[in-house]
Amino acid sequence: MTLIERLNVYERLTRLDRPIGILLLLWPGMWALWFAKYGFPDPDILIIFIVGTVLTRSAGCVVNDFADRDIDPHVKRTQHRPLAAREIGTKEALALAGFLFLLAFILVLQLNRLTVLLSFAGLLLAVSYPFTKRFFSWPQAYLGIAFGWAIPMAWAAQYGSLTPTTWAMLAANILWSIAYDTEYAMVDRDDDVRLPVKSTAILFGRFDVAAVMICQAGFLGIMAVVGWLHGLGVLYYAGIAVAVALVVYQYFLIRDRGRDGCFKAFVNNNWVGAVVWAGLALDLFFK
């Protein structure tokens, strides 16, 4: 294998060619940084969190594919992933994941002690999440904690301590993650039911669409209350209103449970996270 071919395998293994996961992981941390600073966060902390998000998500994808290496070949959407197709060995893949986690930890060491301590829990969540799909019927909720752990870390880095708002936002992110990852799981449900894989798409059954909408409503409701408690104004709620419109659009995408529509709805959540952040950033900028 040439160097270019190996780098191409690494790119696909870490999903750098599909950045949607990076964005879904990034937005919660961005919300937390802006809330904790009540304005534009410290530039050095912002850069550390953006780069750290890319590194952590990339490493997490490698661990996920390692855990699913014997399942992915039997799923149409994942059968060509590098570990599933045996384009790369497990030792080399795990070495790559370890290297990426190490780089992320080096970045975290530039922050305060509380953030460093929280990073160990974040590592445990990132490494253990892929295996929860074997025995836990709510892996999407666990994903919400893992992806949302950027919230307490960002809050600790920028504010120096954690507050009730930190945990309220984490709860909101768990609901959001259940919603968007259920949409994602609906794409693979036919494959998952015949494999040893659990998901909320299977758990919710014929109530899947309703469950997704309830979780989205709970997420946006909590974020609206958090904004009210922090004295945010019309621009923040304009962002929430646009997010509501996007969620309504997602309903029409998933109501027939078609694979393409469910996947489009999943990807659309990037814009939900983005408009919530944009409303927050603009509202604080003009205060």
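## Surface patch, cores and a buried arginine

Helix 11 (234-254) and helix 12 (259-285) each supply at least two residues of the nonpolar patch; helices here are DSSP runs of H or I with at least four residues, numbered from the N terminus. The model is predicted: local features need pLDDT of at least 70 and side-chain atom pairs pLDDT 80 or more, while totals for chains, interfaces and linings use all residues. Residues are numbered from 1 along each chain as its sequence is written, and side-chain values use heavy atoms, without hydrogens and water.

The patch covers about 570 Å² and is made by Val234, Leu235, Leu282, Phe285 and Phe286. Patch residues have over 30% relative accessible area and no salt bridge, with nonpolar side chains joined within 5 Å.

Two residues are set out below by location and accessibility; buried means under 20% relative accessible area, exposed over 50%, and partly exposed in between (1.4 Å probe, protein chains only).

| Residue | Location | Relative accessible area |
|---|---|---|
| Leu282 | helix 12 | 43%, partly exposed |
| Arg15 | loop between helix 1 (3-13) and helix 2 | 10%, buried |

The side chain of Arg15 makes a polar contact (N or O atoms within 3.5 Å, one able to donate a hydrogen and the other to accept it) with the side chain of Asp65 at 2.8 Å.

The largest nonpolar core (buried nonpolar residues joined through side-chain atoms within 4.5 Å) has 72 residues, of which Phe35, Met169, Phe219, Met223 and Ile254 touch the most other members. Helix 2 (residues 20-37) gives the largest share of this core, 12 residues. Apart from this core lies another of 16 residues, including Val9 and Phe66.

Conventions:
Patch = residues over 30% accessible without salt bridge, like charges linked within 9 Å, V, L, I, M, F, W, Y side chains within 5 Å. Areas by Shrake-Rupley, 256 points an atom, 1.4 Å probe, with all protein chains shown as cover. Salt bridge = Lys/Arg side-chain N within 4 Å of Asp/Glu carboxyl O.
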